[in-house]
Amino acid sequence: MTKLIGVIMAAGWGKRMKSKTPKVLHTLMGKPLIEFPLGTLKQLNIDSIFVILGSLTEPLKERLGERCTYIIQDPPLGTGDALKKILPYLKNNQETDVLVVPGDAPFINTRLLEEFGYSHQNSGCQASILTTIMENPYGYGRIIRDENSSLVRIIEESDLTSSQRNIQEVNASVYIFQASALLKYLPQLENQNQQGEYYLTDIFEKMKLDNLGIFVFCQEKNPEMLMGINSRKDLVKANRLLKEKIIEGFLESGVTIIDPESTYIEENVSIEQDVIIYPFSFLMGNTVIKSDAIIGPGALIKNSVIGNGCKIYYSEIEEATLEQGVKVGPFSHLRSGTYVKRGAKIGNYAELKNSVIGENTKVSHVSYLGDSTVGEGVNIGAGTIVCNYDGEKKHPTVIEDEVFVGSNSTLIAPLRIGKGAYIAGGSVINIDVPPEALALGRERQVIKEGWVKKRKERRKNRG
Ligand code: UD1
Ligand code: CA
């Protein structure tokens, strides 16, 4: 078997995005564009992968992980210049095949690349190019063929004549080259074109001058698989295609999605059978939704586990775990480190941060609990606030089982409230409360009988 290495060209800025962020860092359903081709190449049986990155994409190196060699192309002078950067690695591997893919074509899959690879090997050519037929080929390099349908050259959009604009066969920017061909022909590229760039596509003309055959593999069935993302409009289109595919997968696996149009679900989310998702719900990251849960309307859930039969209305949940039968919302915010045990009820208008809420406990109205451990069957009255932060440090609060916290109480951490204790409404509590005790932390009420009448009389006498 011929040795095969993969190259992802991802150093271009992507001027057409009109962005201060390099193109391959823009995201598609939550994932940076570059991760798509990288994931695909990693699934192939490839000896090594080279990723060509631009200067600002360099921090990506750590994120994209092992098994790859990263090469910096700065400044980006065109796809031909990008590929030149790997030449030093090819010098001792002249027989190797080099599979080249662009960093901005997220839907190319392994099956297509495998088919392309086999066809290339069978062709016996030193270079192969993957093409497709686009209904609207605008923006792509067009494939010019001669009367025998052999490739003549590839012409970029900005260099086309008006009759060439109608050609619908386009270059997908996916190629296989024998290393020796790259070593010989890449240094011959020039930048005499509209954009002043070194076009990789010009390499074929150079090869043809030496009468080398070029194999053209046209994949007509699914042109969308080869779409490149060049503009924000393309990003919208790709996002829609991927979103539809993800949603279709969940519908097929037994999830009800009331309004797919207004529902956003990322690829790594897992959803069990008989979950119902209402409109305006966003499920992101590594979220898991267990069976029979009702999500939305209006839920934003990220990197969280939502237990069986939970109900989440108009709320945001991030890095939290909910056991079965928990109700959240409307209008609650569960922040990182929140763990809610079975049957508990959170919100209207509650905020939880780094807290454990026990079984069947109620935090029903307008409360904030941070760094708190709350036991079973506790009632947190409306407007309860845990003061966990003293301006410098965070402090813990423990509220044991069956405690009753009266409304509008302020619990100043560090604090422990013993099992079954009662906190009188409107209290400010800063001393530990023993089990079964009643704690009152407020001024005693004073009644002044007949005060209004006396006040009126005083005023009359003055006036
Ligand atoms: C390229 C092809 C075009 C093809 C289209 C398919 C060339 C000259 N044109 O055009 O024929 O139809 O892809 O999508 O190759 N890159 C670098 N360094 C650079 C320039 C680009 O690494 O100096 C990377 C980009 O990050 C991108 C890829 O190469 O991932 C393609 O570059 P892009 O500018 O998008 O090329 P297109 O104009 O789309
Ligand atoms: Ca492109």
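Is R455 buried, partly exposed or exposed? I looked this up before anything else, keeping in mind that the model is predicted. R455 has a relative accessible area of 33%, so I put it down as partly exposed.

**Entry: charged patches**

I placed R455 in helix 9, which covers residues 451-462. I then listed the positive surface patch that includes R455; its members are K454, R455, K456, R458, R459 and R462.

I also looked for a patch of negative charge. E244, E248, E252 and E261 form one on the surface. I took E244 from that group and found this residue in helix 8. With a relative accessible area of 41%, E244 is partly exposed.

**Entry: calcium site**

I looked up the donors of the calcium ion (ligand 2). They are D104, through OD, and N230, through OD1, at 2.3 to 2.4 Å. D104 sits in the loop between strand 6 (97-102) and helix 5 (110-123), and N230 in the loop between strand 11 (214-218) and helix 8 (232-252), so the two donors tie together parts that are 126 residues apart in sequence. I checked the cover of each donor. D104 is buried at 14% relative accessibility, and N230 is buried at 15%.

**Entry: salt bridges**

I noted a count of 11 salt bridges and went through some of them.

E169 and R145 form a salt bridge at 2.7 Å, N to O. E169 belongs to strand 10 (residues 169-178) and R145 to strand 8 (residues 142-145); the two are 24 residues apart, and the pair links distant parts of the chain. E169 is buried, at 10% relative accessible area, whereas R145 is partly exposed at 30%.

For E205 and R153 I read 3.5 Å between the closest N and O atoms of their salt bridge. Because E205 lies in helix 7 (residues 203-209) and R153 in strand 9 (residues 151-155), this pair ties together parts 52 residues apart in sequence. E205 is partly exposed at 33% relative accessibility, and R153 is partly exposed at 28%.

The salt bridge between E157 and R165 has an N to O distance of 3.6 Å. I have E157 as buried, at 13% relative accessible area, and R165 as partly exposed, at 37%. Through shared partners, salt bridges join R142, E157 and R165 into one network.

**Entry: K91**

I found K91 in the loop between helix 4 (87-90) and strand 6. K91 counts as exposed, at 54% relative accessibility. I took its C-alpha to C-alpha distance to K20 as well: 36 Å, with the two positions 71 residues apart in sequence numbering.

Terms used
Residues are numbered from 1 along each chain as its sequence is written. Chains are lettered from A and ligands numbered from 1 in the order in which they are written. This is a predicted model: local features need pLDDT of at least 70, side-chain atom pairs count only at pLDDT 80 or more; totals for chains, interfaces and linings use all residues. Side-chain values use heavy atoms; hydrogens and water are left out. Donors are N, O and S atoms within 2.8 Å of the metal (3.2 Å for Na, K and Ca); water is not among the atoms, so sites may look incomplete. Helices (H or I, at least four residues) and strands (E, at least two) are DSSP runs, numbered from the N terminus. Buried means under 20% relative accessible area, exposed over 50%, partly exposed in between (1.4 Å probe, protein chains only). Patches are made of residues with over 30% relative accessible area and no salt bridge: like charges are joined within 9 Å, nonpolar side chains (Val, Leu, Ile, Met, Phe, Trp, Tyr) within 5 Å. Accessible areas come from the Shrake-Rupley method with a 1.4 Å probe; for residues, only the protein chains shown count as cover. A salt bridge is a side-chain nitrogen of Lys or Arg within 4 Å of a carboxyl oxygen of Asp or Glu. Lys and Arg count as positive and Asp and Glu as negative; His and the chain ends are not counted. The place of a charge is taken as NZ of Lys, CZ of Arg, CG of Asp or CD of Glu.
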